Structure formats: structure tokens, C-alpha cells
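Have the sequence and the 3D view open side by side while reading. The paragraphs below go from single cysteines to disulfides, then to a sheet, the nonpolar cores and a bent helix.

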Amino acid sequence: MFLLLTMALPLMSKRKLHAAFILLVQILQVCNGFYLPGSYMHTYSTGDEIYAKVNSLTSIETELPFSYYSLPYCQPMGGIKKSAENLGELLMGDQIDNSPYRFRMNVNETVFLCTTPPLNEEQVKLLKQRTRDMYQVNMVLDNLPAMRFTNQNGVKIQWTGYPIGYNPENSNDDYFINHLRFRVLIHEYEGVGVEIIGTGEEGMGVISEAENKKGLGYEIVGFEVVPCSVKYDPDKMAKIHMYDNITSVSCPHELDKSQVIKEQERVSFTYEVEFVKSDIRWPSRWDAYLKMEGDRVHWFSILNSLMVIFFLAGIVSVIFLRTVRRDLTRYEELDKEAQAQMNEELSGWKLVVGDVFREPSNSKLLCVMVGDGVQITGMAVVTIVFAALGFMSPASRGMLLTGMILLYLFLGIAAGYIGVRMWRTIKGSSEGWRSVSWSIACFFPGIVFVILTFLNFILWGSKSTGAIPISLYFILLSLWFCISVPLTLLGGHLGTRAEPIQFPVRTNQIPREIPSRKYPSWLLVLGAGTLPFGTLFIELFFILSSIWLGRFYYVFGFLLIVLALLVVVCAEVSVVLTYMHLCVEDWMWWWKAFYASGSVSLYVFLYSINYLVFDLQSLSGPISATLYIGYSLIMAIAIMLSTGTIGLLTSFYFVHYLFSSVKID
């Protein structure tokens, strides 16, 4: 740092520089620790009250979230209050409310909550439907989701949340979960007093030392739940008030002692809390949630894919470079007469010199798709890099999606610049750049807006919390037209002022006839997408499982490696196919270069359908399948624009370099 300051400020005296450096060190020493965005540490004293929160009810069968209080659960004394939610949480369908579940730090107790009025026909029907659709209650304590463990075929499996009920195999009745046994893991904290500076659960937490002060308290490092169904005497329970202690309850195994779901039943809710001291420290409390099953298979598959792709890319690169260099070396060693004779005799890429930079068909659409591709690629790269560095903490719900949206908005300036500069390069003038900029700002967001609106009508009809509220629609439209569009127009304006890329050769007035071939060129273009897909499909499986099966995905380091590898492979595949087309005198390479790498999106979409049919067998109903296909289509279009842009830009600079190396009159 001292050397950098010396280079940047040559006019500053060494004495002043030393003083500034010492001051900076002293300021840095004040901080004892720095926590990345997420939930900063809370310490509690014995007896402190902590209230759990509840998120939307979710199901891997329907993928339609519903409000927790849409079912007859006990409500808090002060009424239902919604927690502040960020943009990502709203788009994901999260609805976080307060709950009556009260925990007193380090106090083990069994507590009564309430007894419901007699269940009516509508409530019974809804409870049975939600039970058979395998809906889960998602409870959160100190920003930790409730975790439960089950044994299946002798294997211990962990889940987040607990079911609202169950339906035994040999019974036609459904049973309601009305008693919860909580096990809260706490870590005793004793040390230097802390001063926490933050803005909330998603804020930046900075912990600094407070001299001569000792802090003593407990940190919550684990939150486990065992759900039970218990049949209570409603008349007896009606005499008890909320938060009164009752005798400990054991989970019954007999169905006649469980709470059945039927009309005129009065359901009593209770819970039991046990605090257990743990050696788990606060920074490691999320490790149990982020641990992925089958991690060895995951690591081996990723490394195997990397080795295969690097090997294939190395072979392609060696063959390609040797072929091009041999052609250029032979050509440059000839004198002018021999070059002229060679031009007449030889076939291949040198014969399309007068047509290789001819304007492609639908050039405006191509520039628009490239601009959007730059925007999507930049958003993906920056998001994954920040996530790999730990900034996108899973403790901050919705932060990943919020960050992606904000990055996409502000990268509009890069999209406008690249798209308009390519338009200016192809056309030779800046005329029509405003239309190109507006199209870039509206093309991909417009497609997403149409698909989401269609899906939103379905969610509205189902009364799901996953439906985007009208107010959020106006917020998204405001962000789109007040931030993204102006920045895209600004980028387009900067693109008109940038120096246009000059073609190294002139374009003939009459286009050259392309020789006929036995097989269509698009067949080769579509087949080229299999190689980039080979680098992607394993990670795609884990991402789809995270989205649709409710699992945490936090191996962003691997995802960053796969992304870098995907960029390299897309570039090489597109360049190789462009060279192959030029060698057979096919000068219409622009769109083929785009789709050579962009065709990977077709395989991604087909793989998503395969995942729906064979891996998401629990997903039921046409509404759920429509939602899945709609979101998969958005993902495939984004991947097409991103990978196609990488391939086209790489091929453009390759063709420009190739023909600038050959002097042809």
C-alpha cells in the first residue's frame, strides 16, 4: 500500500506520506473484525425473549407458496406484522411474518399457545389439501431456518422446515401437526465487549473492541425441530392462557392419540423448548445448512468435466493454430505475382475476402442481442465473483436476486455502448443508434416481462404469495424506465462517439455465390452446442435441485470455475466453426458464429424438460409444470444471449485479425 501511495502521489513529501500511512494503520486497528453482508452476531442474556418468524408455506409438489396464516394457526397477541422485505424476497414469493412462538434464552419449558375455534368445512378441506400436497412450515429463529432430521432406509436426511400434517399409509384420515419440540443450540460467548454497527439483518456488521468491558451472553448456533401431532382435551385446554407452562408432552405413535383433521375439531397448539450448549461458533452456524449431500460425487464430476474440456480445447487449439499459421506463412513467403496466381488457384477462406465483412441479415436484431448478451454476461460474472468471495450470504434472503437485478440495471450503459458500436461498425454510420439503444433496453426485459406477467396471472388465480403485487410491478417498471433505459441510451451515445472499428479489407458490390453443400450448415451449428453443454450440465443439475427442491446452493467457487471454462469453450467452438465455414467459402458467418455457442441454450432447455419428467416426479398439476417451463424458458433465453455474444465477439475479432494479416489487392 505504501508503494502504491508513493507512485500515485509523487508530489507528497515522505514525511507527510508516513504520517498518513500511520494514521491509516491506527484507524484499521480499531476494528477487531469485519463481517460480510448478512446477519451480524446477536448475543442474548439468560431470560431474554426471542420471537420466531414464519415464512411462506412451500411445497416441492406444487411450487406455489402460500401465507402461513392462510391456515388456522395461532396468531401473535399484537396481531400479524410483516417484516421488511427486499426486492429479491418479494420476487421469490417470501412473506415473512411474526409468530407467537416465544423463546426465553436458556430457559427450558413446555408452553401452551392457543386453542382454535371448531374447524369448519372450508378449513378442513384446505388443511387436507395442503397436507396431501406436502406443504412445509418454514420457521426462522435469529435468522436460522428450522431444521429437522428424518431416517429413510437407514440414512439420516436433513430438511428445512416441518410438514403441516401427514397422511398415514393405512389410514384415510389426515393428521395435523400441533406440537413442536424445539432444540436450540447455543454457544456461550465471553470476551471483549462488542459494539455492533449495522442497518438490519441485511446490513454490514462491524464489530469493534470496547476496552475494559466484558461481554457475557449466548449466541444461537442451531435451530432444530421435531414435529408431533397430539390430541388434547379442548375443554381442559380452554382454561389455560397463552404462554402458560404445561407438563411435558411426548410424541404419540398411536393414531387415536394424534390430532385428526375433521370438522368441528378444536385444535390446541403447544410447543416445547430445550436449550443445548454447543461448541459450534457463530461464524460456522450455517455449515450444517450448506453441507451438500454427495459432495464427493459433485467434486469428482466437476473435476472430470474440467479435465475433459481442457483436453479437447487444447487439441482444437493446437490443430487450429497450426493450420492457420501454415496458411499465412505460405502466403506471406510468395511474391506479388505468385500471390495473384495463388488467389486464382486456391480455394478457401482467402476467396471470401471481398464478402467476409458484408452486412449480415437482420443486423439490427443482431446488435440488440449482442448488447443484451453483454449485459447478462456482465451481471452473471460480477454476481458469481461476489458470491464466491462470500458477499452473497444465504443468511440474507433475497440478496442474490436483488444484487443481480441492480447489476443488470446499471450494466445497461455497457449494453448500449457495445450494441451501438457494433451497429456503427456494420453500417459505417451512427444513423439509427437511438432505435438500437431503445431496442436493447426493451428486448430481453420485454421478453421476461411478458413471461412473468403470464405466470403471474396463474399465481394470482391460485392466490399464491408467489404472485408479484401490483405495487411491485410499478417499482420494477420504474427501475426499468428510470434507470436501465436512460443508462442504455447514455451507453449508446458514448458508442457513437467511440472510434469505429475499421475493416481491414473492402467489401465487393456484388456478393459471392456460396457453393452448395451436401448437408445444411445449421446442423453443424446446432451440434456445436453439445461441447459447451458438457461443461455446464453437472452444475446445472445442482442449481435446478437448489431452485425446485428447496436445497441450499453455495458452491459458487465451482460455479465460477465452470463459468470461466464455459466462456473459453464457447469462444473456441465459435471460432472453429467460423473458420470451417470460411474454408468452404461460406461468408455468412455472423449469425452462425452467434448460434454456434448460443445453441447450448437449446440443450439447457431440453435438459430442464428432462429434469422435470425424471427428477421432479413429485411436481404435480398443470399449473406447477407451466411455472417450471416458464422460468426455464427465461433461463434458456438468457443463456443463449450470453453465450451467443461471447461466440460472436470472439469470432469477429478472429476474422478481423485473420484478414488484417493478409494483404490482398
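Is Cys583 buried, partly exposed or exposed? At 30% relative accessibility, Cys583 counts as partly exposed, because buried means under 20% and exposed means over 50%. Cys442 falls in the partly exposed class too, with a relative accessible area of 27%. These values, like everything that follows, come from a predicted model.

Other cysteines are bonded in pairs. A disulfide is a covalent bond between the sulfur atoms of two cysteines. The structure holds 2 disulfides, and with bonded cysteines counted along the chain their pattern is 1-2, 3-4. One of them joins Cys74 and Cys114, with the sulfur atoms 1.8 Å apart. Cys74 sits in the loop between E2 and helix H3 (87–91), while Cys114 belongs to strand E4 (residues 109–115), so this disulfide ties together parts that are 40 residues apart in sequence. The torsion about the S-S bond of Cys74 and Cys114 is about -90 degrees, which means that the disulfide is left-handed. Both ends count as buried: Cys74 has a relative accessibility of 5%, and Cys114 has one of 17%.

The disulfide between Cys228 and Cys251 has its sulfur atoms 1.6 Å apart. It links distant parts of the chain, with Cys228 in strand E14 (residues 205–228) and Cys251 in the loop between helix H5 (234–237) and strand E15 (268–277), 23 residues apart. Here the ends fall into two classes: Cys228 is buried, with a relative accessible area of 3%, whereas Cys251 counts as partly exposed at 22% relative accessibility.

Next comes a sheet. Strands of a sheet pair through backbone hydrogen bonds, either parallel or antiparallel. In this open sheet, 4 strands follow the order E3-E2-E6-E7, and the pairing is antiparallel. Strand E3 (97–104) and strand E7 (144–145) are at the edges; each has a single partner strand, so one side of each is left without a neighbour in the sheet. The partner of E3 is strand E2 (residues 49–54), joined to E3 by 5 bridges. Among these strands' bridge partners, Val54 is matched with Asp97 in E3, and Lys53 with Asn98 in E3.

How much of E3 is buried? Of its 8 residues, 7 are buried, so E3 is largely enclosed by the rest of the structure.

The largest nonpolar core has 100 residues, and the members that touch the most others are Tyr101, Phe103, Met139, Phe182 and Phe223. Helix H19 (residues 622–660) supplies the largest share of this core, 12 residues. For Tyr101, the contacts include Ile50, Tyr51 and Ala52, along with Tyr68, Leu113, Met139, Leu180, Phe182 and Tyr271, leaving aside residues up to four places away in sequence. Another core lies apart from the largest one; it has 19 residues, among them Leu536, Leu540, Tyr611 and Leu619.

Leu536 also marks a bend: helix H15 (residues 530–548) bends by about 45 degrees at Leu536. The buried residues in H15 include Pro532, Phe533, Thr535, Leu536, Ile538, Glu539 and Leu540, and further along Phe542, Leu544, Ser545, Ser546 and Trp548. Just after H15, Gly550 takes a positive phi of about 70 degrees.

Conventions
Residues numbered from 1 in each chain as written. Predicted model: local features only at pLDDT ≥ 70, side-chain atom pairs only at ≥ 80, totals over all residues. Heavy atoms only, no water. Core = buried A, V, L, I, M, F, W, Y, C linked by side-chain atoms within 4.5 Å. Buried < 20%, exposed > 50% of the residue type's maximum accessible area, 1.4 Å probe, protein only. Helix = DSSP H or I, 4+ residues; strand = E, 2+ residues; numbered from the N terminus. Contact = heavy atoms within 4.5 Å. Pairing = 2+ DSSP bridges. Bend = angle between axes of the 7 residues up to and from the residue. Disulfide = S-S within 2.5 Å.
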